[in-house]
Each structure stands twice: as C-alpha cells, then as structure tokens.
Amino acid sequence: AVCPPGWTLTQFALRWILMHDAVTCAIPGAKRPAQVDENCASADLPALSEAAMAGVRRIYDAHIREQVHHRWKPCDALCREWLGRRYSLSCSVAVTG
C-alpha cells in the first residue's frame with residue numbers, strides 16, 4: 001500500500017499536493033466537521049517518503065498517464081498563457097475604464 005499506516009486516503013492526497021512547490025494552498029471540500037478536521041490535519045503530517053512518492057508514480061504510469069498526460073501543458077506554457085490573459089484583461093480594463 002502506498003498510503004502510510006494511520007493516514008486516510010484524503011490526508012495522503014492533500015499531503016501529496018502540498019508537497020509541490022507550485023502549490024501555495026489546497027482548498028478541499030468537506031460536508032461534516034470531522035472532514036474539516038481530517039483535511040486540516042494533513043498539513044501537519046510529515047512529508048511523503050521517497051518510497052511513497054515512487055509508489056504514486058508507479059500507479060500513475062501504469063493506470064493514469066496514458067489517459068491524461070497528453071492533455072497537460074508544461075507549467076511554463078500555462079504560466080505564459082495565464083499571464084497573457086491577465087495582461088490582456090488588465091489592458092482592456094485600463095482602456096475601457
């Protein structure tokens with residue numbers, strides 16, 4: 001199992017996403033107060049081990065990569081696209097406002 005003992009799959013997923021430098025925060029949903037507590041506890045968990053990260057990569061490569069990876073844009077392309085739109089929006093506001 002990739003998920004460390006005592007962790008929920010939700011905590012594992014949130015801790016995984018929080019380990020990425022590009023992520024400054026995660027905004028998970030919750031319906032019950034216990035889910036909020038579980039989500040918040042994820043930030044205090046230790047970083048995932050290299051073995052856990054390798055397990056995630058194996059699962060991704062075996063079951064997910066072929067379905068989605070070709071749809072991803074490199075991060076730098078996404079940033080340029082987002083910044084370009086934001087710049088266009090700010091120019092439009094400046095010109096029309």
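Buried means under 20% relative accessible area, exposed means over 50%, and partly exposed covers what lies in between, worked out with a 1.4 Å probe on protein chains only. What you have open is a predicted model, in which local features need pLDDT of at least 70 and side-chain atom pairs count only at pLDDT 80 or more, while totals for chains, interfaces and linings use all residues. Residues are numbered from 1 along each chain as its sequence is written, and side-chain values use heavy atoms, with hydrogens and water left out.

**The whole chain**

Begin with the protein chain in a cartoon view, where you can find 4 helices and 0 strands, following the pattern α-α-α-α along the sequence. Helices (H or I, at least four residues) and strands (E, at least two) are DSSP runs, numbered from the N terminus. Of the 97 residues in the chain, 13% count as buried. A contact means heavy atoms within 4.5 Å, and among the contacts between residues at least 6 apart in sequence, 62% join residues at least 24 apart.

**Helix H1 and Gln11**

Next, select helix H1, residues 9-18, in which Gln11, Phe12, Leu14 and Arg15 are buried. These buried residues of H1 pack against H2 and H3. Stay with Gln11, which counts as buried because its relative accessibility is 11%. If you set aside residues up to four places away in sequence, Gln11 touches Gly6, Glu38, Ala41, Ser42 and Leu45.

One of those partners makes a good next stop: Ser42 lies in the loop between H2 and H3, and its relative accessibility of 0% means that Ser42 counts as buried. With residues up to four places away again left out, Ser42 touches Thr10, Gln11, Leu14 and Arg15.

**The aromatic pair and the nonpolar core**

Now show the side chains of Trp7 and Phe12. A pair of aromatic rings is described by the distance of the centres and the angle of the planes. For a pair to be counted, the rings of Phe, Tyr and Trp (its six-membered ring) must have centres within 6.5 Å, and planes under 30 degrees apart are called stacked, over 60 edge-to-face and the rest tilted. The structure holds 1 aromatic pair. In it, the ring centres of Trp7 and Phe12 are 6.5 Å apart and the planes meet at 55°, so the pair is tilted. Trp7 is buried, with a relative accessible area of 16%, and Phe12 is also buried, at 8% relative accessibility.

Keep both rings on screen and add Leu45, Leu48, Ala52 and Met53, since together with Trp7 and Phe12 these make up the largest nonpolar core, 6 residues in all. A nonpolar core is a set of buried Ala, Val, Leu, Ile, Met, Phe, Trp, Tyr and Cys residues joined through side-chain atoms within 4.5 Å. In soluble globular proteins, nonpolar side chains tend to be buried together. Within this set, look at Leu48, which is in contact with Trp7, Phe12, Arg15, Trp16, Met19 and Met53, leaving aside its neighbours within four places in sequence.

**The loop at Ala47**

Select Ala47, which lies in the loop between helix H2 (33-41) and helix H3 (50-68). Its C-alpha atom is 7.9 Å from that of Trp16, although Ala47 and Trp16 are 31 residues apart along the chain. Beyond residues up to four places away in sequence, Ala47 touches Arg15 and Met19.

**Helix H3**

Finally, select helix H3, where Ala52, Met53, Gly55 and Tyr60 are buried, and where H1 is included in what covers the buried residues. Val56 is also in H3; its C-alpha atom is 6.9 Å from that of Val2, with 54 residues separating the two in sequence. Apart from residues up to four places away, Val56 touches Val2, Phe12 and Trp16.

Move along the helix to Asp61, on which a kink of about 55° in H3 is centred. The bend at a residue is the angle between axes fitted to the seven residues ending there and the seven starting there.

Which residue forms a salt bridge with Asp61? The partner is Arg65, and the closest N and O atoms are 2.8 Å apart; a salt bridge is a side-chain nitrogen of Lys or Arg within 4 Å of a carboxyl oxygen of Asp or Glu. Arg65 and Asp61 both lie in H3, 4 residues apart, about one turn of the helix. Asp61 counts as partly exposed at 43% relative accessibility, and Arg65 is partly exposed as well, with a relative accessible area of 36%.
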